[in-house]
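Subject: Structure handover

Hello,

Below is the structure I am passing on to you. Please open it first; my notes on what was found in it follow underneath.

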Amino acid sequence: MAGDSATARVPAKVNVQLAVGGLRPDGFHGLANVFLAVGLYDEVTASHGDGRDDGSAEGDGTGRQDCGHGVRLTVSGRDAAHVPLDESNLAVRAARLLAERHGREPRVRLHITKDIPVAGGMAGGSADAAGALLACDALWGTHTPQDELRAMCAELGSDVPFSLVGGAALGQGRGELLTPLETGGTFHWVFALADGGLSTPAVYRECDRLREAAGTGADVDSVPEPRPSALLLDALRSGDAEALAAAVSNDLQAAAVSLRPSLSDTLKTGTAAGALAALVSGSGPTCAFLAGDAGSAARIAAALEESGHCRSARTTTAPAPGARLLPA
Ligand code: C5P
């Protein structure tokens with residue numbers, strides 16, 4: 001029998017290659033997207049609730065909301081105030097989708113302990129969706145097969161399937177068609193967290209605008225089909241940080257920097273402090289720095305914090321495992 005609560009821990013991601021194809025008629029872009037899960041985590045706890053706000057305190061939650069249809073959401077952590085508490089929250093949508101598939105009421109309390117930056121280009125919202133699916137599935141004892149969970153993840157968002165599987169993977173299509181990738185070692189990363197987020201659709205639109213302005217066109221007939229880099233996949237497989245640094249790329253970087261020009265100062269600061277590679281993480285504004293070892297990562301983080309070009313800097317390693325239930 002299922003217990004009174006279940007908690008899932010889910011990692012953030014960085015895209016070591018984000019090759020963006022042309023704008024498709026459905027509003028998405030075809031991608032060759034090499035995801036790497038990194039050791040920053042959100043936790044999603046699902047517990048039994050009647051969907052009404054009883055006014056009780058929960059953790060250091062700064063927000064709570066009855067989202068209707070029986071889902072009640074609270075969030076704690078440094079960025080809690082920036083997390084949407086209405087039905088636009090992907091964790092709420094995930095709980096509802098799972099309930100609907102099993103023909104039951106989505107009667108649940110969700111609590112998210114946020115450590116992944118909000119709207120930061122690190123798949124924080126996607127992590128919460130994958131976590132809510134796993135935690136609700138355990139709480140409700142619905143035993144959803146893994147392939148069905150994956151399909152639900154893809155319905156919820158392009159990055160959600162990767163949050164479930166973690167490790168390293170190539171995402172094609174709009175990012176949801178995953179092929180697991182081998183990694184040969186531990187990579188050291190530093191993340192420069194920014195004040196405020198960037199909207200993913202706005203960054204894709206800016207990418208299209210820059211392509212149009214450059215005269216190359218932005219649709220599927222004008223932009224070459226995105227392909228994974230063989231050098232990059234080799235570097236991941238061999239665990240060679242210098243080779244990986246030489247191969248990383250992000251087609252959304254110019255768009256993110258165009259919308260937030262100060263990111264170029266952040267990138268330069270990390271490079272000057274010894275980063276092997278500096279890139280915008282996904283659609284930004286978090287910046288990612290690949291370091292040669294843990295000592296170098298600590299020095300890069302200190303330089304970034306000292307510079308004032310970011311809100312804070314975090315060191316971590318990759319690959320990290322995908323969404324996992326924590327022991328009760
Ligand atoms: O799939 P998801 O809901 O996370 O995507 C958010 C938005 O990002 C989409 O509505 C679209 O504007 C943009 N996007 C895109 N191409 C992708 C993935 C996302 O244009 N492959």
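To begin with one residue, Lys 13 lies in strand 1, which runs over residues 5-23. Helices (H or I, at least four residues) and strands (E, at least two) are DSSP runs, numbered from the N terminus.

Before going further, two notes on the source. This is a predicted model: local features need pLDDT of at least 70, side-chain atom pairs count only at pLDDT 80 or more, and totals for chains, interfaces and linings use all residues. Residues are numbered from 1 along each chain as its sequence is written.

The annotated site

Lys 13 is buried, with 32 other C-beta atoms within 10 Å. A residue counts as buried if 20 or more other C-beta atoms lie within 10 Å of its own, exposed if 12 or fewer, and partly exposed in between, with C-beta atoms placed from the backbone. Leaving aside neighbours within four places in sequence, Lys 13 is in contact with residues including Phe 35, Val 38, Met 122, Ala 123 and Phe 162. Contact means that the C-beta atoms of two residues, placed from the backbone, lie within 7 Å.

An unreviewed UniProt entry places the feature "active site" at Lys 13 and Asp 159. The two span 147 residues in sequence, yet their C-alpha atoms are no more than 9.2 Å apart, so they gather at one spot. UniProt positions are given in the numbering used here, feature names are shortened, and annotations may be inferred rather than shown by experiment.

Asp 159 sits in the loop between helix 3 (146-156) and helix 4 (160-165). Asp 159 is also buried, with 28 other C-beta atoms within 10 Å. Not counting residues up to four places away in sequence, Asp 159 touches Ala 123, Ser 126 and Gly 175.

The ligand

Asp 159 appears again in the shell around the ligand, where the other residues include Gly 27, His 29, Ser 158, Arg 174 and Tyr 204. A residue is near a molecule if its C-beta atom, placed from the backbone, lies within 6 Å of it. Strand 2 (29-47) and helix 5 are the elements that give two or more residues to this shell. Helix 5 provides the largest share, three residues.

Helix 5

Helix 5 covers residues 200-213, and its 14 residues should span 20 Å at 1.5 Å a residue; the end C-alpha atoms are 20 Å apart, which agrees. The expected span is 1.5 Å times one less than the number of residues. Val 203, Glu 206, Cys 207 and Arg 211 are buried in helix 5. Seen down the helix axis, the buried residues fall within an arc of 140°, so they line one face of helix 5. That arc is taken from the directions from the helix axis to the C-beta atoms. Strand 1 and helix 8 (253-259) are among what covers these buried residues. The face turned away from the buried side carries the exposed residues Pro 201 and Ala 213. After helix 5 comes Gly 215, with a positive phi near 85°.

The whole protein

The protein has 10 helices and 13 strands. Of its 328 residues, 52% count as buried. The C-alpha atoms fill a box of roughly 50 × 45 × 35 Å along the principal axes.

Regards
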